[in-house]
Amino acid sequence: MTGNGSVTPDGPIITVESLSKTFANGVKALDQVSIDVARSEVLVVVGPSGSGKSTFLRCLNGLETADSGTVVVDGIPLDDNPQNRLEIRKEVGMVFQQFNLFPHMTVGANIDLAQMRVRKSAPREARGVTIELLRKVGLEDRVESYPSRLSGGQQQRVAIARALALRPKVMLFDEATSALDPEMIGEVLDVMRDLAAEGMTMVVVTHEMGFAREVGDRAVFIDEGRFVEVAPAAELFDSPREERTIAFLSKVL
Amino acid sequence: MILAAIRRWTGRTMLTGRTERVGRTGRTEKARRRYKPIAADIVVDIVAFAGLVTALALLLAHNTAALGYRWQWHRVPRYLLTFGDEGFQAGPLLIGVGVTLRIVAVSLLLSLTIALATALLRLSSSAVGQWIAGVYLECIRNTPLLVQLFFIYFVIAPLVGWDGWTSAVISLSLFEGAYASEIIRGGIVSLPYGQWEACYSLGLGRRDALRFVILPQAVRRILPPLVGQGISLVKDSALVSTIAIYDLTMRGQVIVAQTFLAFEIWFVVAGLYLVMTVSLSAFVGLLRRRLAVNYDR
């Protein structure tokens, strides 16, 4: 059964209930985590490497399948039904650490593809949206360039534009700036900041603590697959309560 | 035009020869020239090769003289080409080349189809599909082609009513298809998994991901070893002479039996195979340059 739109518009857009995931090698990546994400909320996820941040994010659009627990996005349960999974993927855009642009396609074609294949847009219509999205990330003059001709920061901005191509309601950022040279991080964070200001619901896994504190509405500190502390971002960064959060923040700040 | 379509599919950039490397860190690295032949190396290679050939020729001449073999090269051309009232006419050897080429062409297409299907089955999530593909691969790769050919021609063909030609094409296609499928599978799995994930995160299905993202990138990795497999196909096709197909090898055998021109005819037959395989590589080389995929990072 496909979920319907009868969800109240001010209810949470993402509901995660006791999600658990253990990898084949026995590593417990997620251990009974639950959280609701409100519409237009920016949730930042921080924690040491290997703590399960990425796994959590990837469970939200079905790139990773949890062992138990439920994920509901905009009223649609993420389950074995491929139709539901597709609907959720249309509503959830994802930006990867390594950009994952399609290197054999121009920037424009990268952004056109899902519009034409998933939304069945006509090429011209798709291109119109593409140009608009590229303008938003400040790269409208690079439509015909190949990704390899762009800097890392530019590539990641294209990847953001591509993830926005299906007009998603939620955006997931998986360490979007971790592969970038320091001087290029700013331009990507600026685009993310703009998105947040526009009211996009975002779940952001990041190592940029300053950005997380500034843009995040709420923050989660995750360690060994558990949500150790969930609090308003300013609170979590300025006056963390849990010992492990304090220890982690003192190391990275 | 097919070429243009493939080029669009695999995403050709305008430039050739060099790729500008822009790493994921965004640093522009030094432009790097690909396919750079070093003149000195080539000269050394050619000299060495010429030396080897000369030595072999001398040895051969010496031994054939000792054997008392009477070379009759003047009798050879009529088996290649004759000039009569109706203009030029292909001799048996050239007709044999035609038969070989036809078998190779059909087998090539069929084996590529089989190979792609097998590779996709092996990569599919269906256990039955994987099992079928696995059994096919192991059976083909672990038995001799000659036995497969006989098996199909003497066992299967009478049951289903195939003629020799069909048996030959099917045997060759099944055989080369098994190897080619591993090449294709290798090309696909060598791509970063992030490419699949990007597709999935965009709502694209497996089929669209393959068609628009994975295969167009895999093709450039697959093509060089696949050409090698194509060359094997040309050479392996000689085995069909054993089931009475009048291909190049069979024609050679017949002529030798009639004329005893063993040395000359086998030289010519080998030369003709060489021409076919070298042309095939040259053609694909040309194709690759025309497709020149230099979007590489």
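Entry 1, helix H9 of chain A. I looked up what helix H9 (residues 243-252) of chain A packs on, in what is a predicted model. H9 of chain A lies across strand E3 (42-46), strand E9 (218-223) and E10 of the same chain. I noted its direction against E9(A) as about 95 degrees.

Entry 2, the sheet. I then traced the sheet in chain A and read its strand order as E6-E7-E8-E3-E9-E10, an open sheet of six strands with mixed pairing. Its edge strands are E6 (92-95) and E10 (226-232), each pairing on one side only. Between neighbouring strands I found an average turn of 15 degrees, direction ignored.

Entry 3, one strand pair. I checked how E7 (residues 170-174) and E8 (residues 201-205) of chain A run, and they are parallel, joined by five bridges. Phe173(A) has Val204(A) of E8(A) opposite. I also found helix H5 (residues 152-163) of chain A lying across E6 and E7, at about 170 degrees to E6(A).

Entry 4, the two chains. Which residue counts make up the contact? I recorded 33 residues from chain A and 32 residues from chain B. Together the chains bury about 2,800 Å², with 55% of it on carbon and sulfur atoms.

Entry 5, polar links. I noted two salt bridges across this interface. One of them joins the side chains of Glu197(B) and Arg58(A), at 2.6 Å, N to O. I noted five residue pairs in polar contact between chain B and chain A. On the side of chain B that touches chain A, H8(B) gives the largest share, seven residues. That side of chain B divides into 12 nonpolar, 11 polar and nine charged residues.

Technical notes. Residues are numbered from 1 along each chain as its sequence is written. Chains are lettered from A and ligands numbered from 1 in the order in which they are written. This is a predicted model: local features need pLDDT of at least 70, side-chain atom pairs count only at pLDDT 80 or more; totals for chains, interfaces and linings use all residues. Side-chain values use heavy atoms; hydrogens and water are left out. Two strands pair if DSSP finds at least two bridges between them. Helices (H or I, at least four residues) and strands (E, at least two) are DSSP runs, numbered from the N terminus. Axes are lines fitted to C-alpha atoms, for helices over the stretch in contact, and angles run from 0 to 180 degrees between N-to-C directions. Contact means heavy atoms within 4.5 Å. Buried area is the accessible area (1.4 Å probe) that two parts lose on being put together, summed over both. A salt bridge is a side-chain nitrogen of Lys or Arg within 4 Å of a carboxyl oxygen of Asp or Glu. A polar contact is a pair of N or O atoms within 3.5 Å; within protein, one must be able to donate a hydrogen and the other to accept it, and residues adjacent in sequence count only if both atoms are side-chain atoms. Ala, Val, Leu, Ile, Met, Phe, Trp, Tyr, Cys and Pro count as nonpolar, Asp, Glu, Lys and Arg as charged, and the others, Gly among them, as polar.
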